[in-house]
Amino acid sequence: MKSNTGSALRGAGIRTWRKHSAYVGVAPFLLLVSIFLIWPTVSVVSGAFQDTKGKFAFSTIKSVLTSSIHLAAFKHSLQVSAITSITGAIIGALFAWAVSTGKQDGFLRRICLSASGVLAQFGGVMLTFAFLATFGFNGLVTTVFLKFAPHSFFGHPTWLYSMTGLCIVYSFFQIPLMFLVFLPTLDNLKPQWREASDGLGGTTTEYWRRVGIPVLTPAFLGSFLLLFANSFSAYATAASLISQGSIITPLEISGALSSETGSSNPALAKALSLGMVTVVIVVMALYTLLRKRVSRWEK
Amino acid sequence: MKIWRRTILILVAFYLLLPIAAMADFSTKSLSGRRGFDSWRAIFQQPDLISAIMVSLELAAIVIALVFFLVVPTVVWVHLKLPRLRRVIEVICLLPLAIPGIVLVVGVSSIYRWISIHISESPLTLAAVYSMLVLPYTYRSLSASLNSVDVHTLAEAARTLGASTYKMLFGIVMPTIRSGVMSGAVISIALVLGEFTLSSLLNFQTMQVEINLVGQSDGGVAVAISLAALLFVFLLLVAIPTTINRKSQELETELA
Amino acid sequence: MNETSGVKFVSAISKGSSASVKLIDIAKSFGQVKALAGLTIEIGPGELVALLGPSGCGKTTALRALAGLQDLDRGQILVDDKDITYLAASRRNMGMVFQSYSLFPHMSALANVEYGLTLKAHKTSSDLRAAKGKELLELVGLSSHARHFPHQLSGGQQQRIALARALAISPQVLLLDEPLSALDAKVRTQLRDEIRRIQLEVGTTTVFVTHDQEEALGIADRVGVMRNGILEQIAAPAELYDRPATAFVAEFVGLTNQILGNVSNGVIEILGVKVPTLAGSISSGAGIALVRPETLKIIPNPTGSGRIFAASFLGASCRLTIDLPNHSRIVAQVPSSDAAQLGAGANVDVSFRSNPIFVKPVE
């Protein structure tokens, strides 16, 4: 067969196109993502390092770090996240354990999975109204308690609109989320391990102490971190529940974005956002590390 | 141990079902003190609420279309043809988990200001940023599906039989990963219907924004519609089979 | 299996289905690794050529390049003397059967088979399509499973459907990429004969890639042994077996014993017998002769120099492991009827028939 330079060049050209043509396929997606995800993120991070006039400065960040109000909001955010993730993790884990020890394809499991799938996403505004319907001034529990114990905790629902309320409300989606995230790990707890432990003479306590809990701990911690990030990032519920004041950082950010006094402070919003993002990224990084550890064992 | 199981299940069920029961109770109270569906009927008397619900449903549809025609093919394409980009795409798709909505809205507000001036003021433009929010969930269910089926071989078989790239992607690969795509779609619907942060701070009238507004004046209606949304998503999740788990049975029969 | 299938299918299926194939000096590297280092093969119409070699030898890369699923760094591919080197895979009209999991899981067996035809729906009427699908299922003996889904079929059945699907598009060339490797041993042997029978009936030019030399020798018209991206030898199975061109071919194909000896004048003396050497062997000096087990003659002799270490009954033949006085061990294969008195511990004389053997240099 003849092979002249012309067709050889054409061949090389076709080969190069073939090699790189596939990249064209990802262009639309990358475009969308760059505009609506990457650029906003970059803009927030870089905007945090600007002052109110837009010049590069550390002043905004400094003012956030030295302000007692901002630091208090930050502290509250961390507190609420910690409390709700711990309670959510423990109760969710117990819940997952109760379901995982049941039938694999059973009705209970499927209902719990579906319900948790919905409730974990059931955030924001609707959750607020759900709890107002329960513990609010005209709520179900409130009216019941008003009849029998009018001065009790549940009779006076002002707590609902404070940190305490936030904690109790947030737990409502933390528990199902923990259930969803932790159940697969429990499923992977092989019955053979328990059988081996029993066969070697171990008791239930010993099994859990030496095998069960050590194996589950990385996944548990990982799930806890996921819950923490989830709670820390939440905004909608707090926004609809707490009408006055900005007791947690997300509310401060929305305040800075659309200030009632008419002078919004975008740089402040960005500085606070940077703080939030830092926390979330650290938490998610730890989560990813733990997940890698878990997946090694889950093989 | 059975006692513990039962106790835990009952307690958790109680905690989770209590607010739902309370919502049912609250929304069926009427002014005269009797049970009634006044609040429910009142939903239809709130035109703003109805149009906001429509907006949210339309947004969900657009987001699903974006996911179906842009995100899924891209992820599949990278899986098949650009393994070197897999890591990059994975990081991009999981990035929204690290960027809280409240932070994203800070970064995106200037873009949406531009969009409302130069392109459109419609709340449907939210679909673009919403599709970013659903990325982690769609990606996760997609990659689970892609890893469980040998998509490479199927794609090559289709190509040698004469299928064009389009037919290969949409006729062969997508149906095979159907369950992953479906579960991603359902989560997207739930997310879009429940989204408040971005829409409220960007001043769009979506369902959640309206519910919040209505709730200031008429709690019953707000509770009723919240309960309805909850039940709707729950029914969606139950109705659509998300785990099509077919175990291939290895029959070792002799050749017939 | 339906043995009376035969003639009536060939007319429906085999139109335009046997082309000649030429691979000319094809090369492909993956980074530092040379998968193909200049491979040239000519395949005649209707021929079944097996590409045989260890993993990494390039046989699969060559097959995929032929299919259009792998681009090349260099070289040409000609089908019926037409250059298709840059033609897209979907336009090459080559049917391919993959190692496993290639049936579309969401389609029935019949739908899978008809798939290539439904893609060309504008060219074939649906009646013709249905008829073809039905005939192909009968050809592979799975008519009763038309409505079954892949997960309901066994591995062997799935591969037969894959074969039917590949044949449905009346391919010019049929490509089989280790189609039997994922199957159980017994299914493998049966299916391999099936594939050959179908290929002969339909007459399609076929390239069959495998690492199993028994498979290759058993069904191919010619076998090409590959190593490190090049072709070591391509010949009919018997010739490959009896007259290997290189040491690698001699050792890869069939069992060999390695016996030390001295070569001079094209003759090597081992076990007291002078044997001619094959072309490609070393011409003089110390060498290692590659001796086939079945060429050894084993004679029971209580005073013999060899002693049987172990005897393996393989059915029609017996494999004997024999210790020789110089502390080496060889393997002989004799018909079971001759092996009646030969058990472990028996003393024997070892000699052999004077077939030419390949002698490689001592490393």
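**Exercise 1. A hairpin in chain C**

How many residues lie between β11(C) and β12(C) in their hairpin, and which residue in the turn has a positive phi?

*Solution.* Keep in mind that this is a predicted model.

Step 1. Find the two strands: β11 covers residues 257–264 of chain C, and β12 covers residues 267–270 of chain C.

Step 2. Look at the stretch that links them. The hairpin has two residues between its strands, and N265(C) in the turn has a positive phi of about 55 degrees.

Step 3. Check the pairing. β11(C) and β12(C) run antiparallel and are joined by three bridges. One partnership to look for is N262(C) with E269(C) in β12(C).

**Exercise 2. Following the chain onward**

Which strand stands opposite I270(C), and which residue there faces it?

*Solution.* Step 1. Start at I270(C) and look across: V273(C) in β13(C) stands opposite.

Step 2. Count the bridges. Four of them join β12(C) to β13(C), and these strands run antiparallel.

Step 3. Inspect the turn. β12(C) and β13(C) form a hairpin with two residues between them, and L271(C) in the turn has a positive phi of about 50 degrees.

**Exercise 3. Two faces of one strand**

Which side chains of β12(C) point to one face and are buried, and which point to the other?

*Solution.* Step 1. Recall a rule: in a regular strand, side chains alternate between the two faces of the sheet.

Step 2. Apply it to β12(C). I268(C) and I270(C) point to one face and are buried, while V267(C) and E269(C) point to the other face and are not buried.

**Exercise 4. Assembling the sheet**

Work out the strand order of the five-stranded open sheet in chain C and name its edges.

*Solution.* Step 1. Begin with the neighbours you already know: β12(C) pairs with β11(C) and also with β13(C).

Step 2. Add another pair. Strand β14 (residues 285–291) of chain C is joined to β20(C) by four bridges, in the antiparallel sense. Within this pair, A289(C) has V359(C) as its bridge partner.

Step 3. Write the whole order: β13-β12-β11-β14-β20, with antiparallel pairing.

Step 4. Name the edges. β13 (273–276) and β20 (358–361) of chain C each pair on one side only. From one strand to the next, the twist averages 45 degrees.

**Exercise 5. A second hairpin to compare**

How many bridges pair β4(C) with β5(C), and in which sense do they pair?

*Solution.* Step 1. The pairing is antiparallel and has two bridges. V79(C) stands opposite K82(C) in β5(C).

Step 2. Turn to the link. This hairpin has two residues between the strands, and D80(C) takes a positive phi near 55 degrees.

Step 3. Look at another partner of β4(C). Strand β1 (residues 21–30) of chain C runs antiparallel to β4(C), with five bridges. Here I24(C) has Q76(C) as its bridge partner.

**Exercise 6. A cysteine in a loop**

Why does C57(C) count as buried?

*Solution.* Step 1. Place the residue: C57(C) lies in the loop between β3 (48–52) and α2 (59–67) of chain C.

Step 2. Apply the cut-off, which is 20 or more other C-beta atoms within 10 Å. C57(C) counts as buried because it has 25 C-beta neighbours inside 10 Å.

Step 3. See who is there. Leaving aside neighbours within four places in sequence, C57(C) is in contact with M226(C), R227(C) and N228(C). M226(C) is 169 residues away along the chain, yet the C-alpha atoms of C57(C) and M226(C) are separated by 5.8 Å.

**Exercise 7. Stepping back**

What helix and strand counts do chains A and C have?

*Solution.* Step 1. Chain A has 13 helices and zero strands. Chain C has nine helices and 20 strands.

Step 2. Consider burial. Buried residues make up 41% of the 299 residues in chain A and 44% of the 363 residues in chain C.

Step 3. Divide chain C. Its domain assignment gives domain 1 (7–242) and domain 2 (255–361), and the C-alpha centres of these domains lie 39 Å apart.

Step 4. Finish with a meeting of chains. In chain B, 59 residues are in contact with 59 residues of chain A. Helix α1 (residues 2–27) gives the most to this side of chain B, with twelve residues. The residues on this side divide into 45 nonpolar, eleven polar and three charged.

Conventions:
Residues are numbered from 1 along each chain as its sequence is written. Chains are lettered from A and ligands numbered from 1 in the order in which they are written. This is a predicted model: local features need pLDDT of at least 70, side-chain atom pairs count only at pLDDT 80 or more; totals for chains, interfaces and linings use all residues. Two strands pair if DSSP finds at least two bridges between them. Axes are lines fitted to C-alpha atoms, for helices over the stretch in contact, and angles run from 0 to 180 degrees between N-to-C directions. Two residues are in contact if their C-beta atoms, placed from the backbone, lie within 7 Å. Ala, Val, Leu, Ile, Met, Phe, Trp, Tyr, Cys and Pro count as nonpolar, Asp, Glu, Lys and Arg as charged, and the others, Gly among them, as polar. Domain bounds come from an automatic or database domain assignment. A residue is buried if 20 or more other C-beta atoms lie within 10 Å of its own, exposed if 12 or fewer, and partly exposed in between; C-beta atoms are placed from the backbone.
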